[in-house]
Amino acid sequence: MSKLAGKIAWVTGAGTGIGEGAAHALAAEGATVILTGRRPGPLKDVAAAITAAGGKAHAKAGDMTDAAVVQGIADWIVKKFKRLDIFVANAGINILDRSWDKISPLGIDTVLHGNLDSVFYGAIAVLPAMRKQGGGQIIVTASMAGRWVGLMSGPAYVAAKHGVVAACHTINMQECVNNIRCTAVLPGEVATPILDKRPVPVSPEERAKMAQKEDVGDLIRYIACLPDHITINEVMITPTWNRGYVAALQRAGV
Ligand SMILES: NC(=O)c1ccc[n+]([C@@H]2O[C@H](COP(=O)([O-])OP(=O)(O)OC[C@H]3O[C@@H](n4cnc5c(N)ncnc54)[C@H](OP(=O)(O)O)[C@@H]3O)[C@@H](O)[C@H]2O)c1
């Protein structure tokens, strides 16, 4: 597998979960991956694992809610590698006190900045380089909560992820003439550390039935391998044992 040989891919939220899965999959396909998250430790571990497997990875820690930091990392990548082909805007966050009766201004800021501003800051940081080099690809990790309104993820997360999906479509509308495309990946439940913030704890048995980080990572790899003239605008990926469907079946007595 080397469809991405020579490509430079920046993956945010790459120290754990879906971002870790995507970084491994993109590197196994030949891309050089730059890994960003706030904590250097997990990034270094993922970079070491990718290198040990024969891939090329660089850890570059930073907070995606700080526009200057985001621009600095994008500039570092372009200066070092002379291009930036794929941007996986995957970093995201949720909070425990998420319902309308519990959420605070700090919680609202954390969720909106961490899921929505982070994607905007990343997009405006990478787009100039992509335009200059004649094309590029942005893949954003949104959520099923970005397509359907529900209570489980909390109102701020639902609003932020709807914004992420909308932002992705507007990138396609404006940047298609520059050979730049954007895909919104909408996962259902994936067994990653973000589930540890759920108000109702998720058991190991339930996590085992969910989508895994490697499943979504492989989908991101597939999208990244599409030829330039094709865009998958939006794609959903959910566990077959879908807890929402199972609960609905139980309510319906089916
Ligand atoms: N798991 C699911 O069921 C599910 C479903 C739908 C969508 N998603 C979305 O999938 C994406 C990845 O989440 P995950 O499920 O893989 O959970 P995760 O393991 O918690 O990954 C989130 C990653 O984002 C990083 N991050 C958070 N805030 C950041 C910031 N301000 N700047 C830089 N990095 C930041 C975290 O690292 P640091 O803490 O070190 O910064 C972490 O590695 C998120 O956008 C999430 O909303 C997840």
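Is the crossing of H4 and H5 left-handed or right-handed? The crossing is right-handed, and the views below take a closer look at that pair and its surroundings in what is a predicted model.

**View 1. Helix H4 packs with helix H5 at an angle of about 15°.** H4 spans residues 105–133, and H5 takes in residues 155–175. Their axes sit 8 Å apart. With angles under 35 degrees counted as roughly parallel, that makes H4 roughly parallel to H5. On the H4 side, the residues that meet H5 are Gly107, Ile108, Val111, Leu112, Asn115, Leu116, Val119, Phe120, Ala123 and Leu127. H5 answers with Ala156, Tyr157, Ala160, Lys161, Gly163, Val164, Ala167, Ile171 and Glu175. Sorted by class, this contact holds 14 nonpolar residues, three polar ones and two charged ones.

**View 2. Helix H1 packs with helix H7 at an angle of about 50°.** Here H1 is 17–28 and H7 is residues 213–224, with 7 Å between the axes. H1 and H7 are therefore oblique to each other. This crossing, of H1 and H7, is right-handed. From H1, the contact draws on Gly17, Ile18, Glu20, Gly21, Ala22, His24, Ala25 and Leu26. From H7 come Lys213, Glu214, Val216, Gly217, Asp218, Ile220, Arg221 and Ala224. As for the mix, the contact of H1 with H7 has seven nonpolar, four polar and five charged residues.

**View 3. The ligand has 30 residues around it.** Coming nearest are Gly13, Gly17, Arg38, Gly92 and Ile194. Gly17 turns up in the previous view too, as one of the H1 residues that meet H7. Helices H1 and H4 each chip in at least two residues of the shell around the ligand. If you're thinking about the chemistry of that shell, it breaks down into nine nonpolar, 17 polar and four charged residues.

**View 4. Pro227 sits in the loop between H7 and strand S7.** S7 is the stretch 234–237. How many other C-beta atoms lie within 10 Å of Pro227? There are 6, and since 12 or fewer counts as exposed, Pro227 is exposed. Now bring Asn172 into the frame: the C-alpha atoms of Pro227 and Asn172 are separated by 15 Å. Along the chain, these two residues are 55 residues apart.

Terms used:
Residues numbered from 1 in each chain as written. Predicted model: local features only at pLDDT ≥ 70, side-chain atom pairs only at ≥ 80, totals over all residues. Near = placed C-beta within 6 Å. Helix = DSSP H or I, 4+ residues; strand = E, 2+ residues; numbered from the N terminus. Nonpolar A, V, L, I, M, F, W, Y, C, P; charged D, E, K, R; others polar. Axes fitted to C-alpha atoms, helices over the stretch in contact; angles between N-to-C directions. Parallel < 35°, antiparallel > 145°, perpendicular 65-115°, else oblique. Left-handed = near helix turned anticlockwise from the far one by under 90°. Contact = placed C-beta atoms within 7 Å. Buried ≥ 20, exposed ≤ 12 C-beta atoms within 10 Å, placed from the backbone.
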